[in-house]
Amino acid sequence: MNHWLMKSEPDAFSIDDLKRKKREAWDGVRNYQARNFMRDGMRPGDKVFFYHSNCAVPGIVGIAEVATDAYPDPSQFDPKSKYFDPGSSRDNPRWMLVDVKFVKKLKRTISLDELKGHDALVEMPLLRKGNRLSVMPVNAAHWNYILTLE
């Protein structure tokens, strides 16, 4: 089993939205590296830290689980979608997604600032300067350490 971190802006789709819906397609990823993580690395049963970004207190707010293998993101084919990609074809789709399902909401937000304060997490991709990926791997040691912070 692999572990991941997936970012979402809470005003677009929050942990509470996932809790209410129970399961959701993680659409709109338009970065090749993030797409490759979903397409090539994610498998059903993998655990995910749900991270709120671009908000007053960015941080880990919940846990989700990968519910499906990757499949083509239908928004890339919809001219009315903000994620439409005219260069992508149904025969050779450019963008993939996975469905994620709600596991739990954390008792508190584990903030980005708090994460930065732990030497044990210094090598975590999220904390690397300039990393803006919305989907990234989390190694088992970092995953287990973060769970102790809740």
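Helices in this tour are DSSP runs of H or I with at least four residues, strands are runs of E with at least two, and both are numbered from the N terminus. The model on screen is predicted.

**Stop 1: S14**

Select S14, in the loop between β1 and α1 (15–21). Is S14 buried or exposed? S14 has a relative accessible area of 9%, and the cut-off for buried is under 20%, so S14 counts as buried. Now show its contacts. Leaving out residues up to four places away in sequence, S14 touches F50 and H52. Keep F50 on display; F50 returns at the next stop.

**Stop 2: the aromatic rings**

Show the side chains of Phe, Tyr and Trp. Two rings pair if their centres lie within 6.5 Å, with the six-membered ring used for Trp. How many aromatic pairs does this rule give? The count comes to 5.

Start with W4 and F37. Their ring centres are 5.8 Å apart and their planes are at 50°, which makes a tilted pair. Colour by secondary structure to see what the pair links. W4 is in strand β1 (residues 3–8), while F37 is in helix α2 (residues 32–41). The two are 33 residues apart, so this pair links distant parts of the chain. W4 itself is buried, at 4% relative accessible area.

Move to W26 and F50. This pair is edge-to-face, with 5.5 Å between centres and 85° between planes. W26 lies in the loop between β2 (23–25) and α2, and F50 in strand β3 (residues 47–52). They are 24 residues apart in sequence, so the pair ties together separate parts of the chain. Both partners are buried: W26 has 7% relative accessibility, and F50 has a relative accessible area of 1%. Add F13 to the selection, because F13, W26 and F50 form one aromatic cluster.

**Stop 3: the largest pocket**

Switch on a surface. Rolling a probe the size of a water molecule over the atoms shows where empty space is left. The largest pocket holds about 900 Å³ of space. To find its centre, select K7, S8, E9, S53 and S134, the closest to it of the 29 lining residues.

Which elements each supply at least two residues of the lining? They are β1, β2 and α3 (112–116). Now colour the lining by residue type. Expect 11 nonpolar, 8 polar and 10 charged residues.

**Stop 4: two positive phi angles**

Select K22, in the loop between α1 and β2. K22 is not a glycine, yet its phi is positive, near 75°. At 58% relative accessibility, K22 counts as exposed.

Then jump to N54, in the loop between β3 and β4 (59–66). N54 is another non-glycine residue with a positive phi, about 50°. N54 is exposed, at 61% relative accessibility.

**Stop 5: F84**

Go to F84, in the loop between β5 (71–72) and β6 (96–97). Which residues does F84 touch, beyond those up to four places away in sequence? The contacts are S75, Q76, F77, D78 and P79. F84 is partly exposed, with 34% relative accessibility. Draw a C-alpha distance from F84 to G28: the two are 56 residues apart in sequence and 8.9 Å apart in space.

**Stop 6: L127**

Select L127, in the loop between α3 and β8 (135–138). At 18% relative accessible area, L127 counts as buried. Outside the residues up to four places away, L127 touches L112, L115, K116 and L121. D113 sits 14 residues from L127 in sequence, with 9.5 Å between their C-alpha atoms.

**Stop 7: helix α4 and the whole domain**

Find N144 in helix α4 (residues 140–149). N144 is partly exposed, at 45% relative accessibility. Its C-alpha is 20 Å from that of V100, a residue 44 places away in sequence.

Last, select residues 2–148. An unreviewed UniProt entry places the feature "domain: EVE" over this range. The chain here is 21% helix and 30% strand. The C-alpha atoms at the two ends of the range are 18 Å apart.

Key: Residues numbered from 1 in each chain as written. Predicted model: local features only at pLDDT ≥ 70, side-chain atom pairs only at ≥ 80, totals over all residues. Heavy atoms only, no water. Phe/Tyr/Trp six-rings, centres within 6.5 Å; stacked < 30°, edge-to-face > 60°. Buried < 20%, exposed > 50% of the residue type's maximum accessible area, 1.4 Å probe, protein only. UniProt positions renumbered as here; feature names shortened; annotations may be inferred. 1 Å grid on protein atoms, 1.4 Å probe; cavity = no way out; pocket = protein on both sides within 12 Å on 5 of 7 lines; lining within 4 Å. Points joined across faces, edges and corners; volume = space filled by probe spheres on them. Nonpolar A, V, L, I, M, F, W, Y, C, P; charged D, E, K, R; others polar. Contact = heavy atoms within 4.5 Å.
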